[in-house]
Amino acid sequence: MDNWEEEGTGTAGHYQAINNNAEGSSLNGRSDSFAGGSRGRGRGTRGGFRNAFSSGNDDSGNSDGGQGSRWGGGGFGNSGYDDSGDNEASGFRSDFGGRGGRGGRGGRGGYRPGGEYREEGEERGGRGRFGGGGGELDDVGRGGENTAPKVVYVPPPPPEEENSIFAHYASGINFDKYDNILVDVSGENPPQAIMTFEEAAMCETLNRNVGKSGYVKPTPVQKHGIPIIMAGRDLMACAQTGSGKTAAFLLPILQRLMADGVAASRFSEVQEPEVIIVAPTRELINQIFLEARKFAFGTCVRTVVVYGGVNTGYMIREVLKGCNVLCGTPGRMLDIIGRGKVGLSKLRYLVLDEADRMLDMGFEPDMRKLVGSPGMPSKEERQTLMFSATYPEDIQRMAADFLKTDYLFLAVGQVGGACSDVEQNMVQVTQYAKRDMLMDVLKTTGTERTMVFVETKRKADFIATFLCQENIPTTSIHGDREQREREQALADFRIGKCPVLVATSVAARGLDIEHVQHVVNFDLPSSIDEYVHRIGRTGRCGNTGRAMSFFDPEADTPLARSLVKVLAGAQQEVPSWLEEIAIGAHGTTGFNPRGRVFASMDTRKGGAFERDGARQPAVQSQAADEDEWE
Ligand SMILES: Nc1ncnc2c1ncn2[C@@H]1O[C@H](COP(=O)(O)OP(=O)(O)OP(=O)(O)O)[C@@H](O)[C@H]1O
């Protein structure tokens with residue numbers, strides 16, 4: 001029997017039976033949400049707040065590791081948590097009286113039958129920003145091998161009803177302002193941008209689905225990206241958060257598949273998708289999958305998603321029902337390919353969403369493995385598409401390894417710039433005053449949807465628990481929560497049952513949740529790109545939003561300079577105290593905090609800016625670029 005078949009015995013029913021003691025884990029204010037050990041997990045009865053949320057807190061930080069300890073592998077409280085990467089938490093712990101029992105070393109790390117399977121693919125530390133000795137996102141399994149129980153979680157099926165599939169939120173008052181953003185397309189012979197969806201000449205079904213999704217006119221990244229992809233060009237695209245990058249790659253790909261009459265077949269032991277899409281987190285890839293499924297509604301194109309924390313057998317069975325578009329997180333994608341259930345000989349499109357993240361230190365090895373997988377068409381033979389709102393230059397250079405030499409670089413607005421529909425506020429506050437400050441902020445937000453970002457999983461639990469105690473319905477999402485809990489948390493937040501979501505960086509990128517009016521950076525991230533993505537959870541699709549960041553000079557001074565630049569670049573007020581800190585942090589020589597903000601564009605240089613589709617000479621545009629952003 002194949003490994004996956006064996007795992008496949010974990011049906012939804014099985015899952016429910018096993019997890020029926022896990023009710024109420026959404027931190028919705030019920031007392032059992034922080035009753036240590038009340039649900040009989042493992043042995044940790046002294047874990048205080050922690051016990052309700054995470055199972056053993058294993059070193060790997062991934063959901064399955066967590067599940068491993070839940071099955072008896074480790075202790076609770078601080079056990080198994082590598083404090084070395086948890087700088088903020090030490091201050092925080094004392095603030096909260098240092099709860100958390102010292103249990104045994106946390107649960108198991110990656111579970112790798114056949115040496116291949118790996119759940120830690122998601123949310124892994126990258127570029128030293130999140131890793132660093134067990135920092136927040138270091139999901140690499142380290143605790144042991146092959147000893148964790150099978151993952152039995154099977155997610156609820158995606159919606160079947162048309163209204164649910166096409167449910168969407170309205171674009172906002174600033175949607176038309178997208179047209180004023182400077183666009184830079186560099187590389188040779190870029191195709192002409194389209195101004196309307198009609199110009200894209202998509203087939204009727206696709207057009208209908210676009211209409212049902214509430215799309216009336218394309219956003220700039222769609223105006224430029226769609227024809228580029230349809231022309232068969234490789235693309236590295238950068239556009240601000242919430243500006244429609246997902247449809248910019250999905251629509252032209254689906255159109256090509258439709259034009260070529262691609263249809264899924266369930267009569268094959270090995271599925272050969274035409275498209276592979278990878279993204280760094282489970283929730284994001286699931287969202288992309290739902291978008292792809294929506295646009296492909298009523299067509300013969302079948303979309304499947306695979307990600308960690310879910311029963312592998314279930315996912316393989318889904319793949320084997322027929323698969324043209326395979327969406328996945330890197331670890332699970334590699335696993336399924338490694339098991340021989342997915343062949344790559346028909347692959348035409350490889351899409352890296354959040355491409356800078358997919359190519360940073362955390363995921364680069366997986367990406368190299370993916371493109372080196374047996375049967376993977378060479379970069380000359382496939383179309384490779386990369387999308388993100390941020391592209392550090394070193395990553396851009398490295399990304400070129402994955403692309404044909406004549407790839408196009410599309411920059412809508414500033415590369416790495418924040419969305420100007422988000423009002424950004426900074427408040428200077430010490431670590432110990434943050435909690436009170438948060439309460440003040442939440443008093444003003446009322447029941448409006450608010451995401452509160454913190455730097456560590458442990459702190460996410462503490463803050464969520466604290467807010468629940470204060471009778472603010474709150475849930476949390478982070479890498480130590482089981483996948484079922486993560487999905488429940490997101491669902492509770494989406495429907496407003498819990499209007500406050502405390503999150504680590506696992507929720508920083510890509511998530512598109514209606515009604516998120518506020519983002520609070522309880523802890524600022526160490527990277528400015530991360531900041532840009534976090535605040536981009538609000539102010540999407542022309543809607544306005546607000547971000548409030550707690551700046552603790554003790555911890556956040558290294559970020560001051562980049563913050564000033566991002567604020568200025570998005571036409572936000574820059575507090576004078578922040579400017580002073582930025583100047584002080586940088587020394588007094590040569591730093592003009594309002595000076596040129598970003599590396600601006602394609603590292604290959606060149607380019608020509610367009611406004612409203614009209615091309616302008618590169619030199620002139622460069623000047624405009626300087627004017628606009630300085
Ligand atoms: N042309 C359009 N008209 C109306 N709504 C649109 C259009 N394009 C995209 N949207 C909607 O805008 C929202 C944001 O789109 P999307 O999630 O693709 O943004 P993104 O650029 O990928 O953001 P991020 O950088 O955060 O990943 C989604 O709800 C999407 O359905």
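Which residues does the UniProt annotation "short sequence motif: Q motif" cover? In the predicted model examined here, this annotation, taken from an unreviewed UniProt entry, covers residues 195–223. A further annotation of the unreviewed entry, "domain: DEAD-box RNA helicase Q", likewise covers residues 195–223. Over this span the chain is 45% helix and 0% strand, and the C-alpha atoms at the two ends of the span lie 6 Å apart.

UniProt, again in an unreviewed entry, places the feature "domain: Helicase ATP-binding" at residues 226–409. Within these bounds the chain is 39% helix and 16% strand, and the end C-alpha atoms of residues 226–409 are 13 Å apart.

The surroundings of the ligand were considered next. The ligand is surrounded by 21 residues, of which the closest are Tyr215, Gly244, Lys245, Thr246 and Cys541. By residue class, the shell around the ligand divides into twelve polar, six nonpolar and three charged residues. Helix H8, which comprises residues 245–259, gives the most to this shell, with three residues. Because domain 2 (182–413) and domain 3 (418–586) both give residues to the shell, the ligand lies between these two domains.

Helix H8, besides its part in the shell around the ligand, packs against helix H7 and helix H9, and these two pairs were described in turn. Two packed helices are described by the angle between their axes together with the distance between those axes. For helix H7 (residues 220–230) and H8, the axes come within 8 Å and cross at roughly 30 degrees. Since angles under 35 degrees count as roughly parallel, H7 is therefore roughly parallel to H8. The crossing of H7 and H8 is right-handed. In the second pair, H8 and helix H9 (residues 282–295) pack with their axes 10 Å apart and at an angle of about 40 degrees, which makes H8 oblique to H9. The crossing of H8 and H9 is right-handed.

A further helix pair is formed by helix H11 (residues 330–338) and helix H13 (residues 364–371), whose axes are 10 Å apart and which pack at an angle of about 30 degrees. H11 and H13 are therefore roughly parallel to each other, and H11 passes H13 in a left-handed crossing.

Conventions:
Residues numbered from 1 in each chain as written. Predicted model: local features only at pLDDT ≥ 70, side-chain atom pairs only at ≥ 80, totals over all residues. Near = placed C-beta within 6 Å. Helix = DSSP H or I, 4+ residues; strand = E, 2+ residues; numbered from the N terminus. Nonpolar A, V, L, I, M, F, W, Y, C, P; charged D, E, K, R; others polar. Domains from an automatic or database assignment. UniProt positions renumbered as here; feature names shortened; annotations may be inferred. Axes fitted to C-alpha atoms, helices over the stretch in contact; angles between N-to-C directions. Parallel < 35°, antiparallel > 145°, perpendicular 65-115°, else oblique. Left-handed = near helix turned anticlockwise from the far one by under 90°.
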